[in-house]
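Please follow the sheet of this model strand by strand, and then turn to one of the helices.

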Amino acid sequence: MTDQLRLMAVHAHPDDESSKGAATMAKYVSEGVDVLVVTCTGGERGSILNPKLQGDAYIEEHIHEVRKKEMDEAREILGVKQEWLGFVDSGLPEGDPLPPLPEGCFALEDVDHAAGELVRKIRAFRPQVITTYDENGGYPHPDHIMTHKISMVAFESAADTEKYPEAEYGPAYQPQKLYYNQGFNRPRTEALHQAMLDRGMESPYGDWLKRWDEFGMKQRTLTTHIPCADFYEIRDKALIAHATQIDPDGGWFKVPMEIQKEVWPTEEYELAKALVDTSLPEDDLFAGIRDNA
């Protein structure tokens, strides 16, 4: 049954797949589900966030190749398939006022054109379920917001042969469900924060929770909770594979694994589109689909 189930996870940059829903994907892979990560950009303008690798001349000069190699390693760890959409990283503009986005970057692409490239992937892979980002991008990076935009257009248009002709984009296909990744939700953050304090340990989430209020981040509706604690170690190993982006001694890994598994053993999603009947809350992205696969 599960070899007929297909999950597509659409992400902006290499490393996003390992920080958002990675344990979920590893769980489904273990069950025989076919999982494809589509990475919209090469991460060419991503800063080197691991202080141990900052100042490395080779990495700075060959960042695109380095991040591709990191993605290859993470893909193997997670057991997923992975394909590139082929767009150029927009970078994260900083300053006041913000500088203009660089010419030719992903965030400045025509939405329908970029969505058409994702339609090709959808029609070729034929996923019943797609995961992506909400309208805020999860956080307001221009590439994350653009990923949301093209995912919504592609989900609605993959079966529209007038907009995307079969001769150019492949045979029409309609996915059944679309979810927003909501792994970084406030209930989870508060629960882990309190668990650390209760055990007399320093929490890495104090500043996060303060910024939550400062930025007025909207409380999302968590419709779907995937039990996947058994795959947290795989998630972390895949994340560490993105060495230019992740410091293995950094805040990502401050909460002991046993606390994570005990206090919050799930990853969360927000059901945004469903063309099948399902009952909320869910514990399966394929709820309403699995029995009819």
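In this predicted model, 7 strands form an open sheet of mixed pairing, in the order 3-2-1-4-5-7-6; strands are DSSP runs of E with at least two residues, helices are runs of H or I with at least four, both numbered from the N terminus, and two strands pair if DSSP finds at least two bridges between them. Strand 3 (81–87) and strand 6 (224–227) each have a single partner strand and stand at the edges, so one side of each is left without a neighbour in the sheet. Direction ignored, neighbouring strands are turned by 30° against each other on average.

At one edge, strand 2 (residues 34–41) runs parallel to strand 3 and is joined to it by 5 bridges, with Val37 opposite Gln82. Helix 4 (residues 63–78) packs on the sheet here, touching strand 2 and strand 3 (contact means heavy atoms within 4.5 Å), and its direction makes about 155° with that of strand 3, where axes are lines fitted to C-alpha atoms, for helices over the stretch in contact, and angles run from 0 to 180 degrees between N-to-C directions.

Strand 7 (residues 266–274) is antiparallel to strand 5 (residues 177–181), over 5 bridges, and also pairs in the antiparallel sense with strand 6, over 4 bridges. Tyr269 of strand 7 is the bridge partner of Asn181 and of Thr224.

Helix 2 (residues 22–30) is largely enclosed by the rest of the structure, because 7 of its 9 residues are buried, that is, under 20% relative accessible area with a 1.4 Å probe, protein chains only. Among them are Met25, Lys27 and Tyr28. Just after helix 2, Gly32 takes a positive phi of about 95°.

Residues are numbered from 1 along each chain as its sequence is written, and side-chain values use heavy atoms, leaving out hydrogens and water. Local features need pLDDT of at least 70 and side-chain atom pairs count only at pLDDT 80 or more, while totals for chains, interfaces and linings use all residues.

Technical notes:
Buried means under 20% relative accessible area, exposed over 50%, partly exposed in between (1.4 Å probe, protein chains only).
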